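Subject: Handing over a structure, with notes on what was found

Dear colleague,

I am passing the structure below on to you, together with some notes on what was found in it. Please keep it open beside this message as you read.

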Amino acid sequence: MSAEVSAPPLIARYQASQLPPKRLGKIQALLQSKLNRFATWELEAALADDPENLRAAFLLSDLHANEGDFEESVLLANR
């Protein structure tokens, strides 16, 4: 008797979201190269295309937090 536990809605939305395939490689390469400003622009463009993309929003929130822009980070994380 195993009961399957479903993820909370926010986690399920995050898990279902993906970075846009056309931007994924570029974003990963920019982040690996520590070119965070350019990665931020790509992530902002991805959010402009799909404002409900939690994966892009949380990654962008993390970049803002790492840059010390905590206000913007919190705004993005609380979408």
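A good place to begin is R23, which has a relative accessibility of 16% and therefore counts as buried, the cut-off for that class being under 20%. Please bear in mind from the outset that this is a predicted model, and that what follows was computed from that model.

R23 is worth following further, since its side chain meets that of D49 in a salt bridge, with 3.4 Å from N to O. R23 belongs to helix α2 whereas D49 belongs to helix α3, so this pair ties together parts of the chain that lie 26 residues apart in sequence. R23 also forms a salt bridge with E42, and here the closest N and O atoms are 2.8 Å apart. That pair, too, links distant parts of the chain, with E42 in helix α3 and R23 in helix α2, 19 residues apart. In this second pair both partners, E42 and R23, are buried.

E42 has a further partner in K26, and the closest N and O atoms of that salt bridge are 3.2 Å apart. Because K26 lies in helix α2 and E42 in helix α3, the pair ties together parts that are 16 residues apart in sequence. The two residues sit in unlike surroundings: K26 has a relative accessibility of 48% and so counts as partly exposed, while E42, with 13%, counts as buried. Through the partners that these salt bridges share, R23, K26, E42 and D49 are joined into one network. For the chain, the count of salt bridges comes to four. As general background, side chains of opposite charge can pair when their charged atoms come close.

How do the two helices that carry this network pack against each other? Helix α2, covering residues 21–32, and helix α3, covering residues 36–49, pack at an angle of about 155 degrees, and their axes are 8 Å apart. Since angles over 145 degrees count as roughly antiparallel, α2 and α3 are therefore roughly antiparallel to each other. The crossing of these two helices is left-handed. On the side of α2 the contact is made by K22, R23, K26, I27, L30 and L31, and on the side of α3 by N36, F38, A39, E42, L43, A45, A46 and D49. Sorted by character, the residues of this contact divide into eight nonpolar, one polar and five charged.

Helix α3 also holds T40, which has a relative accessible area of 14% and is therefore buried. Which residues does T40 touch, if those up to four places away in sequence are not counted? They are L60, L63 and H64. For one of these, L63, the separation from T40 is 23 residues in sequence and 7.1 Å in space, taken from C-alpha to C-alpha.

A residue of another kind is N66, which is found in helix α4, residues 54–66. With a relative accessibility of 54%, N66 counts as exposed, because that class begins over 50%. N66 and E4 are 62 residues apart in sequence, and their C-alpha atoms are 37 Å apart in space.

Finally, a few words on the chain as a whole, which may help you to place these details. Its secondary structure comes to five helices and zero strands, so that, by the way such runs are assigned and numbered from the N terminus, the pattern read along the sequence is α-α-α-α-α. The C-alpha trace spans about 50 × 30 × 20 Å along its principal axes. The chain has 79 residues, of which 28% count as buried. Among the contacts between residues at least 6 apart in sequence, 46% join residues at least 24 apart.

With best regards

Conventions
Residues are numbered from 1 along each chain as its sequence is written. This is a predicted model: local features need pLDDT of at least 70, side-chain atom pairs count only at pLDDT 80 or more; totals for chains, interfaces and linings use all residues. Side-chain values use heavy atoms; hydrogens and water are left out. Axes are lines fitted to C-alpha atoms, for helices over the stretch in contact, and angles run from 0 to 180 degrees between N-to-C directions. Helices (H or I, at least four residues) and strands (E, at least two) are DSSP runs, numbered from the N terminus. Angles under 35 degrees count as roughly parallel, over 145 as roughly antiparallel, 65 to 115 as roughly perpendicular and the rest as oblique. A crossing is left-handed if the near helix is turned anticlockwise from the far one by less than a right angle, and right-handed if clockwise. Contact means heavy atoms within 4.5 Å. Ala, Val, Leu, Ile, Met, Phe, Trp, Tyr, Cys and Pro count as nonpolar, Asp, Glu, Lys and Arg as charged, and the others, Gly among them, as polar. Buried means under 20% relative accessible area, exposed over 50%, partly exposed in between (1.4 Å probe, protein chains only).
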